[in-house]
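Visitor: Got a minute to walk me through this one? I'd like the layout, then some detail.
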Amino acid sequence: MIGEALRRLELEAVPVATPTGRLVGASGLLLESVGCPLQTGQRCRIETACGEWIAAEAVGFRNEISYLMPYKRPDGLATGARVLPAAEQSGPSIGPAWLGRIVNGLGEPMDGLGRLSGEHVLEPRPPRVNPLKKRPVREPLDVGVRAIDGVLTLGKGQRVGLMAGSGVGKSVLLGLITRQIVADVVVVGLIGERSREVREFIDLSLGPAGLARAIVVVAPADESPLMRLKATELCHTIAAHFRDQGGDVLLLVDSLTRYAMARREVALALGEPPATRGYPPSVFSLLPQLVESAGNGENEHGSMSAIYTVLAEGDDQQDPVVDTARAILDGHIVLSRELAERGHYPAIDIAASISRCMALVASQSHQKAARALKEMAARYAQVRDLLPLGAYVPGADPATDRAVTLYPAIEEFLRQGTHEAAPLAATRARLEELMA
C-alpha cells in the first residue's frame with residue numbers, strides 16, 4: 001500500500017503538458033505573447049526561425065497578452081514562435097573568485113577567463129535594509145583625492161553623485177578613486193558606455209592594480225535596455241553581498257543617467273506617457289528604490305559606499321535626473337567644464353559641491369580648515385577677473401588680500417595627477433597647515 005501511494009505521488013508530480021505560449025507581435029524591443037501566463041520579472045525563452053532560443057523577461061501584461069523584452073538583440077523571430085517559461089534557476093554562485101573578473105548583466109563572464117564560482121548564491125534583487133537597523137555613517141572614507149578628502153570628506157556608507165557634462169573627466173576621476181581608495185572590494189558598473197570606453201577604462205583608468213580587487217559589470221550602449229537595467233541591479237547585489245560578509249565595499253556606477261534612460265525606454269515601450277523631458281513618472285519613483293539599496297547594512301562590520309556619475313546634458317545642473325539625484329543622495333560633487341578647460345584636474349567645483357556626511361566623520365579642526373579654504377576660494381573668484389587688468393588694489397580688504405596671496409597654494413592643493421597618491425591623513429594635515 002505504501003509503495004503504491006508513493007508511485008501515485010511520483011506520477012502526479014510528472015507534468016502532463018509543458019505550458020507553451022506563442023509570439024503574436026513584435027514592435028521594436030517589445031514582444032507580445034499569448035497562451036502562457038507569465039509573471040512580471042519571470043524569464044522565458046523564445047524560439048527563432050533557425051531553431052535557436054532567445055532569453056527574455058516578462059515586463060508587463062494587458063488582458064491575455066504578456067509583454068516581453070529580450071536580453072539581447074532579437075534576430076530571426078517570426079509570428080507564432082514558441083514561448084517557453086524558463087525553468088526556475090537560482091542566481092549565480094559568488095565568492096572571492098569574482099575579484100578581478102568582468103561580467104555582463106546576467107553575471108556571465110566576459111573576460112574569457114573561465115567559469116565563475118563561489119560559496120554563496122547571489123540574490124536576484126538587491127536586498128532591502130530596515131532603515132531603523134541600518135548602521136549609521138561613523139567613519140571617514142579615504143578615496144585618495146585631496147579635493148574630496150580635504151573639503152568634501154565622505155563617510156563609509158555614504159552615497160554621493162558625481163555631476164558633470166560629457167568630456168569633463170568623470171571616468172578619469174573614477175579611475176583615480178578606484179586605484180587610491182582604502183577598501184576591500186570595489187564594484188564597478190559601466191552602464192550604457194561606449195564599447196571603446198569600456199576597454200580604455202579597464203586598461204588605463206582602472207589598471208592591473210585596481211582590477212585585482214575589483215569586479216566590473218559591463219552593459220555597453222549597444223545592449224538592450226533590459227540588460228542595462230539588470231547590470232545596474234547586479235552591481236548593487238554584488239556590493240551588498242560583500243558588505244554583508246564584513247568587507248568595506250565601494251560601488252561605482254557610471255552612470256545613473258544611463259540607468260534612467262533604460263528605464264525610460266522600457267516604460268515608453270509599455271505605453272506609459274512621457275512627462276519631464278520625456279521621462280515617464282515611474283523613472284523618478286524607481287531611482288530612489290535603486291539608491292536606497294546601497295549604504296550600510298545591519299551588521300556592525302562591513303560598509304557599502306556608493307558613487308554614481310550623473311550626466312548633466314548640456315552642462316545643465318537642472319536636468320531632471322541631476323535634480324532628482326541631488327535630492328535622494330547624501331551629497332554631490334560637481335565637475336566644472338570651465339576648470340577642465342583651464343587644465344585644472346580633477347575639475348571639482350568645491351563651491352557647488354557638498355558632502356552631507358562630512359560633519360559626522362571629520363574633526364572640528366578639519367571642518368574649520370575646509371570652511372576657510374572654501375571661503376578663500378570664493379573671495380578669490382570675486383576678484384579673479386580684475387587681476388589681469390590691474391584693477392584690483394590691495395589693502396581695501398585684508399581677507400581678500402589673503403585669498404589672493406593664498407590662491408596659488410590652494411589651487412596646487414586641489415589639483416592632483418592621475419597617478420598621484422594622497423592618503424587622507426596627509427591631506428588633512430596639509431589642509432590644516434595651509435589654512436593655519
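Guide: Overall layout comes next, then one helix.

Visitor: What kind of model is it, predicted or not?
Guide: This is a predicted model.

Visitor: How is the chain divided into domains?
Guide: Domain 1 covers 21–85, domain 2 covers 93–361, and domain 3 covers 366–435.

Visitor: And how far apart are the C-alpha centres of domain 1 and domain 3?
Guide: They lie 60 Å apart. The box around the C-alpha atoms is roughly 100 × 45 × 40 Å along the principal axes.

Visitor: How many helices and strands?
Guide: There are 13 helices and 18 strands.

Visitor: What share of the residues is buried?
Guide: Of 436 residues, 50% count as buried. The exposed area is about 20,500 Å². Carbon and sulfur atoms supply 54% of that area.

Visitor: What about contacts across the sequence?
Guide: Take the contacts with a separation of 6 or more. Residues 24 or more positions apart make up 70% of them.

Visitor: Switching topic: where do the charges sit on average?
Guide: The chain has 46 positive and 51 negative charges. Their mean positions are 1 Å apart.

Visitor: Now helix α11. Why does its span agree with expectation?
Guide: Helix α11 has 20 residues, 364–383, so at 1.5 Å a residue it should span 28 Å. Its end C-alpha atoms are 30 Å apart, which agrees.

Visitor: Which of its residues are buried?
Guide: In α11, the buried ones are H366, Q367, A369, A370, L373, M376, A377, Y380 and V383.

Visitor: What do those pack against?
Guide: Four helices: α2 (146–151), α10 (358–361), α12 (398–414) and α13 (424–434).

How values were computed:
Residues numbered from 1 in each chain as written. Predicted model: local features only at pLDDT ≥ 70, side-chain atom pairs only at ≥ 80, totals over all residues. Heavy atoms only, no water. Domains from an automatic or database assignment. Helix = DSSP H or I, 4+ residues; strand = E, 2+ residues; numbered from the N terminus. Buried < 20%, exposed > 50% of the residue type's maximum accessible area, 1.4 Å probe, protein only. Contact = heavy atoms within 4.5 Å. Areas by Shrake-Rupley, 256 points an atom, 1.4 Å probe, with all protein chains shown as cover. Lys, Arg positive; Asp, Glu negative; His and termini not counted. Charge placed at Lys NZ, Arg CZ, Asp CG, Glu CD. Expected span 1.5 Å × (residues − 1).
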